[in-house]
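I opened this model to look up how two of its chains meet, how one chain is built, and how one helix sits in another chain. My entries follow in that order.

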Amino acid sequence: MHDSTVFKVFRVVVVTVLSAFTILPIYVMITSAMKPLEDVRGAFSWWPSRITFAPFVDMWTTIPLARYFVNSTIVATSATLASVVIAIFASYAVSRYRFRGRTTFTTTVLSTQMFPGVLFLLPLFIIFVNLDQTLGVQLVGTRIGLIITYLTFALPFSIWMLAGYFDGIPRELDEAARVDGCSPIGALLRVVLPAARPGVIAVAIFGFMTAWGEVLFASVMTTDASRTLSIGLRQYSTQTNVYWNQVMAASLIVSVPVVIGFLLLQRYFVAGLTSGSIK
Amino acid sequence: MKTRTLTAAVAVTALLLGATAALACGSSSSKGKSSGSVTLTYWASNQGTSLDNDKQVLTPVLDAFTKETGVAVKMEVIGWSDLQTRIQTAVTSGQGPDVVNIGNTWAVSLQATDAFLPFGDAEMKAIGGADKFVKPALETGGKKGSPPTSVPLYGLAYGLYYNKAMFKAAGLKPPTTWEEMVVAAKALTDPAKKKYGFALAAGSYTENCHFAFINAAQNGADVFDAKGNPTFTQDGVVDGIVRYLDLMQTDKVVNPADAQYDNGALAVTDFANGKVAMILNQNNADATIVANGMSKDAYGVVAYPAPKNAKTDVASHVAGINLSIFANTKHKDEALQFVEYMTSPAVQEQLGKPFASLPVLNDAKAMFTDNPQEAATFINIYNTRAKPLPLVPAEDQFETTVGQAMNAMFAKIATGGTVTRNDVKAAMQTAQDQVTASTG
Amino acid sequence: MTVTSVPSTGAAKGARPAARRAGRRQGWWLPYALLAPAVLLELVIHVLPMLTGIWMSFLRLTKFFIKNWAAAPSAGLRNYRLALDFNAAVGHALLQSFLITCAYAVIVVGVSWVFGMAAAVVLQRSFRGRPWFRTLFLVPYALPVYAGVITWNFMLQRDTGVINHLLADNLGLLSDRPFWLIGSNAFVSLLVVAIWRMWPFAFLMLMAGLQSVPQDVYEASAVDGAHAFRQWRSITLPMLRPVNVVLVLVMFLWVFNDFNTPYVLFGTSQPPAGDLVSFHIYNASFLTWNFGLGSAMSVLLLLFLLLVTGIYLVVVNRRSRRA
């Protein structure tokens, strides 16, 4: 595989420009996290006047960061797992079956992407309250309420993407598995899913990020006990001070596991279909 | 076979959701789990340096209350960025705390929702009587002519902070009129040395609208008429705003960069670092000033001055925090007990220092500062020269429309544009139309 | 084929009994069963609240009536008339906001797509350090919104921010330090921050899409003498069409509805140049307790997006039919 020189030059340019664009704020974050408070209030300097790790210590007490971190992790992980599972089943149905109501379903699912969050924020809150009053299941101010909300937010796009991926996987694979005695679900799990792995990973990442970063609904649906990072970090700006350095430190700590997770997921972006799947 | 794997996947998901639900149910707080005794839910606002700080300050106070009365209090401290939305959802859903802190400028708007307990004669008696409160503070609790739905808890007022050393070096005296203030500011402004006479939170819509109101009051004008209709285009209001904008535009005593300051603390920081000679801030600036390393003797405070031929000498609006009880509370008597406790002299004294607040009780001691002069100045301003913001339900609309219009005007000035009196009047007309339209 | 025996719980989907010898007719309910959880969730979380929101737009739902919102008096079309009266203050502001958001969405989606495509193509073939770049490029998307955007706020401050420090002090490109968060530059700042956050998503989706393009097609064309750009135009783009069609539409819809970026970047001092319609509506409803008007504005926004999507899909389908 030889790449042409043009391509190599293009690659260097693209990678350099995009890396610089991406890295600049990250660099600012890292250095600011190690600056004393006066530094982040005064004129900008590329390097801290003195390196201090105090922000990393203080940030845990200014706001209950640990609790927010745990909440975010639980909410995002659960929402992701649930939405991926539900999306896989739904996408399989959409991709492999021509049933009545299929177009209605896909159109409705697409149309939910257009809903401005502000429109259904208050109604959703009211519905949760009503569910609480009728079924006794508390959804407002709990993690489970957020999980259900976020997994539904991630569903439409996930279903669409996965259905597209499944469409790209030839039916012969399914048929081969069925001939071998698999049920349709079995064919899904044993044959189609492994072949759609990059799509599933991408959709899982998307689901996780949706839950991880959502601000509008979290601001309304959470109490102190169930608050997530996305709005918890706002509390570093208080009545009397804006603790920039602690915000940066907290953001760093909070991003490290996510970044490590991405690194580990790298190898799952495997090119093409696994060979030998069609016997 | 394969279906077993399917079932396994579903079972795992179900278990996971169930486990999280269990965890969630465990962490989500519900009211009054204690056997038999009452637990009040209380939403406190952020008054200290951080939410944690508020919790640390209030917990011993609440514990003492529980010891005295046997009523437990479950407190949640909510940051200002979330407090209004949380109150809105509590009002909408009917699920909320028993007692809540509110910004006192929200009092009349919240009263209009009918979701809060009015303090009639019986209730007032239960909390110690209406007479114990400083009159202007009590007036903020609700609209005129009806029982208030909130009572004052912490008092705040604006003052003009000045740098003693800078004034002494320039041979200036603390200003008593607007004109003197501008002259002093000009004398202390040297853009080449990056020193300015004033720092303003020119990007904060709340600060801007407060000064629009105060300046209008000094000019003898009101922003709402007796029927509750907005009167933003009156000469007194427009002139007041022009006067304030001119600090940056014509007098040039304010750094244009201040147009980015969306938070009062940012201006205070400049003052504490010696970059500016004066700031206009509420009395809780002391905490930020000291935290930034300025000594307590380095600054003095006077009342925000009015122009020489002003109609009134209003120096501040009545700022502060009020305490409200939700009307659908199941523990009315205990909530009233709690309100009485929080507004009792002992507790007021205890909280005055950490929250840097002015006392809302008559004849109470000011704890927010050790400096007797500063204390006397602020108490005088709060008790005699402060006017409540308009006690109409559309007051919050005034804040957002006029405040944001002023943000835009400061931004225009800072980025090199000019704002004429006609521009201000036109902006006020737009703001007025917006308020009229959305409230009908 | 090995059997992993797993104890089944009562949470079985019902796929077990009939699927043993899966005849087509016997499994007719299978697709519906597979769809059921998704449908249920969508109804409860998306559809029902949306319908409620639409109903609210016909009510006079202000602070006076919010406590018992279901009994709020009807406003008929008043809220809509107010929002659409472009000569009056409210309607005019909404129109301005809408136009700004259109420009914003088009630019952000366009640039993000270009960046995402470039990065996906360039990182498609292995080279030293590829995993690191892949991860680096996804970091803006991975950061919590508040963290990433507030860092930009910090960087864009006029006197203390790194952008002006870089441009004025280090590179000497500017003599005067401009404002980036107020005034007309605010729009540019908003674009930059939004692109910074959005392009990794395009990159992620396109990268995954490129994975399913088999390498032998490229090799065959290389043998035929096609250079890189030609390959991109004739092979990559057409093969990515299904992904692109969805990606561009979805990105447009999300960017148009974007609330987080302006909310965190500008906080409470929203500059008129950066007044995006989602925050504008939030301002008109939550901050002023006027939920009826806010809902009406949201419905209008929704109708617009429906129209755009409809047109988009028609154009796309016509193109594919011609191809």
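**Contact between chains C and A**

I looked up the contact first and found that it takes 89 residues from chain C and 86 residues from chain A, two residues being in contact if their C-beta atoms, placed from the backbone, lie within 7 Å. On the side of chain C that touches chain A, the largest share, 18 residues, comes from helix α1 (residues 30-56) of chain C; helices (H or I, at least four residues) and strands (E, at least two) are DSSP runs, numbered from the N terminus. I then sorted the residues of that side of chain C and got 63 nonpolar, 22 polar and four charged, where Ala, Val, Leu, Ile, Met, Phe, Trp, Tyr, Cys and Pro count as nonpolar, Asp, Glu, Lys and Arg as charged, and the others, Gly among them, as polar.

**Basis of the entries**

I note that this is a predicted model, in which local features need pLDDT of at least 70 and side-chain atom pairs count only at pLDDT 80 or more, while totals for chains, interfaces and linings use all residues. Residues are numbered from 1 along each chain as its sequence is written, and chains are lettered from A in the order in which they are written.

**Chain A**

I counted 13 helices and zero strands in chain A, and its C-alpha trace spans about 70 × 65 × 30 Å along its principal axes. Of the 279 residues in chain A, 57% are buried, that is, 20 or more other C-beta atoms lie within 10 Å of their own, with C-beta atoms placed from the backbone.

**Helix α9 of chain B**

In helix α9 (residues 205-218) of chain B, 13 of the 14 residues are buried, and Gly220(B), which follows α9(B), has a positive phi near 80°.

Conventions:
A residue is buried if 20 or more other C-beta atoms lie within 10 Å of its own, exposed if 12 or fewer, and partly exposed in between; C-beta atoms are placed from the backbone.
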